[in-house]
Amino acid sequence: ATGAALRALTNSDLHPIAQLSCFLDSRAANADVEGRGLKNTGGYIFYDGNNLNWLDPSKSGTQEYLGGLVKECASMGFDEILLTDVSFPTEGKLNKIAYPGAGMQESIRAFLMAMDTALAAYPDVELSVELPESVITLGQDETAGLVLSEIAPLVDRIYTETTEGSIPALEAAVEAAGEDTVLIPELTAIPAESDQPYLLTEPS
């Protein structure tokens, strides 16, 4: 029944989006600590402030694992893949993280390039990423390893939780960082000006 419903959705005139949580994945990190897990400076799996484990985006195992999921979603007929939880941990004893030698920003950039490569056989499928609003307004978050100018050119759309009044400034920032990249605001109410695409979410 689930498969039939999914086929009906992906074969419709709608624009189905597959949301894929990326680095905050305790199960996958623990399943292959050496190949995928983000470690601490002692050589063991890192635990954040919520006692959760993360994937290391610089590791080939992480890229292969998530790239496989991206391809699977594309093969199921989704028109867009929305990547969430794309950042390094921002809570807990961050000084204990064994950060990748290539650097956080370059590791995330390499990860997004790998996801784009994973979709090579599906050129019509859009690749998107969700970012905090502060990353768009400030241009970066050093703790999370996020830099808008590095990320925007690698994706088709950037999603962010915001309010209607903030949309023009956010659109301008995204356009400046990635000429062909589109901002998709995540709103809790239908905007007065609804000609542009938006995502309606439940109030947090």
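This passage walks through the fold, surface, charges and a handful of residues of one predicted chain.

The model is predicted, so local features are taken up at pLDDT of at least 70 and side-chain atom pairs at pLDDT 80 or more, while totals for chains, interfaces and linings use all residues. Numbering runs from 1 along each chain as its sequence is written, and side-chain values rest on heavy atoms, with hydrogens and water left out.

Starting with the overall fold, the chain has seven helices and eight strands; these are DSSP runs, with helices being H or I of at least four residues and strands being E of at least two, numbered from the N terminus. The radius of gyration is 17 Å, close to the 17 Å that the globule rule gives for 204 residues, so the chain is as compact as a globular protein of that length. For the record, that radius is taken over C-alpha atoms, and the rule is 2.2 Å times the number of residues to the power 0.38. Along the principal axes, the C-alpha atoms fill a box of roughly 50 × 40 × 30 Å.

As for packing, 41% of the 204 residues count as buried. Here buried means under 20% relative accessible area, exposed means over 50%, and partly exposed is what falls in between (1.4 Å probe, protein chains only). Contacts are heavy atoms within 4.5 Å. Of the contacts with a separation of 6 or more, 68% come from residues 24 or more positions apart.

On the outside, the chain exposes about 10700 Å², and carbon and sulfur atoms supply 48% of that area. The areas come from the Shrake-Rupley method with a 1.4 Å probe; for residues, only the protein chains shown count as cover. The chain carries 10 positive and 32 negative charges, and the mean positions of the two sets are 15 Å apart. In that tally Lys and Arg are positive and Asp and Glu negative, with His and the chain ends not counted; each charge is placed at NZ of Lys, CZ of Arg, CG of Asp or CD of Glu.

Next come the rings. Rings of Phe, Tyr and Trp (its six-membered ring) pair if their centres lie within 6.5 Å, with planes under 30 degrees apart called stacked, over 60 edge-to-face and the rest tilted. By this rule there are two aromatic pairs. One of them joins F23 and F111 edge-to-face, at 4.8 Å centre to centre and 70° between the planes. The pair ties together distant parts of the chain: F23 sits in the loop between β1 (17-21) and α2 (26-31), F111 belongs to helix α4 (residues 104-118), and 88 residues separate them. F23 is buried, at 0% relative accessible area, and F111 is buried at 0% as well.

Strand β2 contains T84, which is buried at 4% relative accessibility. T84 and S21 are 63 residues apart in sequence, yet their C-alpha atoms are 4.7 Å apart in space. Setting aside neighbours within four places in sequence, T84 touches Q19, L20, S21, C22 and E130. That last partner, E130, lies in strand β3 (residues 126-130) and is partly exposed at 24%. With the same neighbours within four places in sequence left out, E130 is in contact with L82, L83, T84, Y159 and E186. E130 and N40, by contrast, are 90 residues apart in sequence and 26 Å apart in space, C-alpha to C-alpha.

The loops hold some further points. M76, in the loop between α3 (60-75) and β2 (80-84), is partly exposed at 35%. Beyond its neighbours within four places in sequence, M76 is in contact with L6 and T10. The loop between α2 and α3 includes G42, which is exposed at 52%. G42 and K96 are 54 residues apart in sequence and 8.0 Å apart in space, C-alpha to C-alpha.

Finally, a look at the backbone. Most residues other than glycine have a negative phi. N51, not a glycine, has a positive phi of about 65°; this residue is in the loop between α2 and α3 and is exposed at 56%. D85 also has a positive phi, near 55°, and is a residue other than glycine. D85 is found in the loop between β2 and α4 and is partly exposed at 33%.
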